[in-house]
Amino acid sequence: MLRFSTCAVAVLSLTLTCVYAQERTSGSVPKPRSPRNANYTIDAKLDARGRTLAGRETIAWTNIANAGTRELRFHLYYNAWRNNQSTYVKEERLGGGWSGAFELENDELAAIDVTSIKATGGAIAPVDLTKDMRFIAPDDGNGDDRTVMAVALPSAIQPGQSITLDISWTLKIPHAVDRTGAVGNYFFLGQWFPKIGVLEDGGKWNCHQFHATTEFFADYGVYDVRATVPRGWPLAATGDERERNDNADQTTTYRYYQEDVHDFAWTTSPDYLERRERFDNPGLPPVDMRLMLQPEHARQAERYFSAARAALRYYGEWFGPYPYGHLTIIDPAWQSRAGGMEYPTLFTGGTFWLSPATDFDSRDTVVHETGHQWWYGMVGSNEFEDAWLDEGINTYANARADAEAGFSSYSLVRYYFGGFVPWVFKDVHWDRVTSGDYVSGYRGSPTVDIPSTPSYEYWPANPTPITYSKTALWLHTLERALGWPTMQQVLSAYFEKWEFRHPKPADFFAVANERSGRDLTPFFDQVYRGSSTFDYGVQSVQSTPAGKDAFHNEVVVRRYGDGIFPVTVLITFSDGAQTRVAWDGGARWKLISADHATKAVSAQVDPDQILVLDTNFTNNSYTTEPQGPRAATKWAAKWMVWLEDQLLTWAFFV
């Protein structure tokens with residue numbers, strides 16, 4: 001039988017009186033960082049053998065919108081895997097192509113069933129609301145989708161009023177699917193409880209169905225969670241551990257508590273190895289780091305910690321300090337599909353048993369997921385509608401942090417048995433643009449969607465080029481055009497203004513215009529409100545004699561894409577002299593005349609590569625002199641890499 005303490009229930013009152021009395025370590029109550037209008041006390045008991053969970057939660061919710069509501073809406077994310085006709089599964093199927101089959105097997109099917117919901121206090125008198133539950137599909141009308149539940153209320157909850165709800169539910173836990181579930185004795189529980197949506201101004205619920213290519217959105221609050229698991233199974237979760245009690249039925253109940261977060265995830269497994277270290281950096285608050293590691297990855301602990309330190313340092317110095325005092329890193333089990341996912345104060349990384357010391361990907365993943373504590377965790381953008389505000393900004397910052405930390409990226413190829421054997425090609429080095437900004441992914445699909453389209457409506461086959469790559473590239477372009485000090489001011493001001501709140505794209509653009517001192521609207525119109533592509537190139541370089549020791553040189557440059565951006569044209573002459581010509585980039589072509597004592601031998605558009613959004617760097621330059629040796633070196637290198645690959649493959653078998 002699940003138990004609720006008197007103090008645990010009292011946390012859900014608007015004043016949170018009981019919890020503060022219990023948690024207080026000084027004579028005054030800490031000032032809330034967030035509105036704390038969606039507070040949860042949860043008791044959950046895991047049946048590891050049966051892969052089920054029984055849960056009960058009390059939610060204290062306050063209406064902070066400017067209009068009342070006669071209903072409540074809840075996310076039931078686990079129902080995305082309830083059947084093969086859910087919106088999530090249909091989008092996965094569509095993303096694989098019209099003939100692509102995507103069917104959940106029996107052990108991948110999941111369910112979350114609310115068995116009871118009652119109003120127990122606040123603006124509405126105590127009443128059983130269970131009979132008033134219904135499933136809705138606000139995004140696509142799919143009657144087979146049960147990821148959103150609406151509950152009618154007997155009377156409206158007006159602005160400033162609160163309601164306390166008592167909800168019981170059961171969970172059928174699937175074999176690992178989309179960053180939640182179980183593999184053997186490894187359990188990772190994300191999006192596992194009934195979660196109230198966000199009521200926005202005007203009284204409109206922002207509570208989308210679970211889509212295949214978008215993540216989540218919720219209000220901030222206080223989480224006080226008790227999870228009961230088999231005895232001897234370590235548990236890690238959002239927040240920090242406050243209690244641990246062994247029970248008579250050979251189970252252990254852990255209590256985790258965290259203020260000012262908008263989600264809660266946890267994991268347990270008897271196989272975990274635990275490692276702890278501390279982040280200390282001048283000018284930043286210390287952070288206790290906890291790593292839950294798979295036994296086969298024991299020697300890679302420092303790799304996790306060093307990457308987390310880098311992110312805590314650079315993000316903290318650039319944008320604002322990490323405030324929670326603790327950070328938990330999860331090394332997920334093999335084939336758990338749980339790698340590379342962020343939750344408040346906790347995230348999953350990912351590595352391999354055979355992982356070279358120069359493996360960049362594992363470090364990059366840790367930096368990225370640590371960075372999400374800022375761009376997702378503390379700045380709570382709507383990932384259903386504006387995923388680029390967290391994923392894109394974080395990808396940009398992630399790439400810069402990798403570069404500052406000196407995490408070099410080389411081509412790494414994995415061979416055999418699903419990538420079991422790795423090989424690093426140190427002669428193929430990726431820079432910040434190619435590796436951090438994922439420019440190749442963007443160039444393959446630059447117009448697949450318009451970024452201002454709600455993210456859940458993106459083409460489900462591959463939203464990454466727009467959400468991640470394009471955003472990182474246009475932010476990097478601004479950095480090179482405006483300078484890093486200006487971009488750092490833009491992002492730190494945006495973070496300071498919107499931490500623990502829900503910004504929209506217009507809020508970011510307003511801060512960018514203000515801090516840069518420029519009206520960047522024409523640029524944002526192209527990269528956000530449209531699908532413009534940028535491609536500048538040199539068409540020709542010609543020289544004709546113009547008297548003794550003089551030449552009339554003409555360079556034709558072109559704008560091949562529909563995007564417009566001011567660029568520089570660099571002209572180099574045979575005597576080594578150079579001249580730079582500014583071009584506003586507006587016309588489809590421009591003739592540049594450059595009289596000089598010698599011939600022009602080459603021309604290059606955007607020689608400093610300010611416009612990293614350019615979809616084709618190969619046409620940016622033109623030379624009048626043969627480049628045979630350089631071309632031969634390029635192709636020889638390609639063939640040598642191919643030959644090396646073949647020899648490695650042959651050597652493995654002999």
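## Close-up views of a predicted model

**View 1. An open sheet of eight strands.** The strand order here is 5-4-8-2-1-14-17-16, and the pairing is mixed. Strands (E, at least two residues) and helices (H or I, at least four residues) are DSSP runs, numbered from the N terminus, and two strands pair if DSSP finds at least two bridges between them. At the edges stand strand 5 (127-128) and strand 16 (240-246), each with a single partner strand, so one side of each has no neighbour in the sheet. Further in, strand 2 (residues 52-62) and strand 8 (residues 162-172) pair in the antiparallel sense over 11 bridges. W61, for instance, has I163 of strand 8 as its bridge partner.

A word on the model: it is predicted, so local features need pLDDT of at least 70 and side-chain atom pairs count only at pLDDT 80 or more, while totals for chains, interfaces and linings use all residues. Residues are numbered from 1 along each chain as its sequence is written, and side-chain values use heavy atoms, with hydrogens and water left out.

**View 2. An open sheet of five strands, with a helix across it.** This one runs in the order 19-20-21-23-22, again with mixed pairing. Strand 19 and strand 22 (341-343) are the edge strands, each pairing on one side only. Direction ignored, neighbouring strands are turned by 20° against each other on average. Helix 5 (residues 360-371) lies across strand 21 (326-330), strand 22 and strand 23 (346-348), at about 150° to strand 23. Angles run from 0 to 180 degrees between N-to-C directions, and axes are lines fitted to C-alpha atoms, for helices over the stretch in contact.

**View 3. The hairpin of strand 19 and strand 20.** Strand 19 (residues 273-281) and strand 20 (residues 284-293) run antiparallel and are joined by eight bridges. Within this ladder, R278 has D288 as its bridge partner, and R275 has L291. Two residues sit between the strands, and G283 takes a positive phi near 90°.

**View 4. Helix 10 against helix 11.** The axes of helix 10 (residues 464-482) and helix 11 (residues 484-498) come within 6 Å and cross at roughly 130°. The two are therefore oblique to each other (under 35 degrees is roughly parallel, over 145 roughly antiparallel, 65 to 115 roughly perpendicular, and the rest oblique). Helix 10 brings L475, L478, E479 and L482 to the contact, and helix 11 brings W484, T486 and M487; contact means heavy atoms within 4.5 Å.

**View 5. F508 and the largest nonpolar core.** Among the 163 residues of this core, W192, W266, W375, W474 and F508 touch the most other members. A nonpolar core is a set of buried Ala, Val, Leu, Ile, Met, Phe, Trp, Tyr and Cys residues joined through side-chain atoms within 4.5 Å. Leaving aside neighbours within four places in sequence, F508 is in contact with W388, L389, I393, W474, L475, V490, L491 and Y494.

**View 6. W374 and its surroundings.** W374 is found in helix 6 (residues 373-378). At 0% relative accessibility, W374 counts as buried (buried is under 20% relative accessible area, exposed over 50%, partly exposed in between; 1.4 Å probe, protein chains only). Beyond four places in sequence, the contacts of W374 include A311, L312, Y315, F319 and F495.
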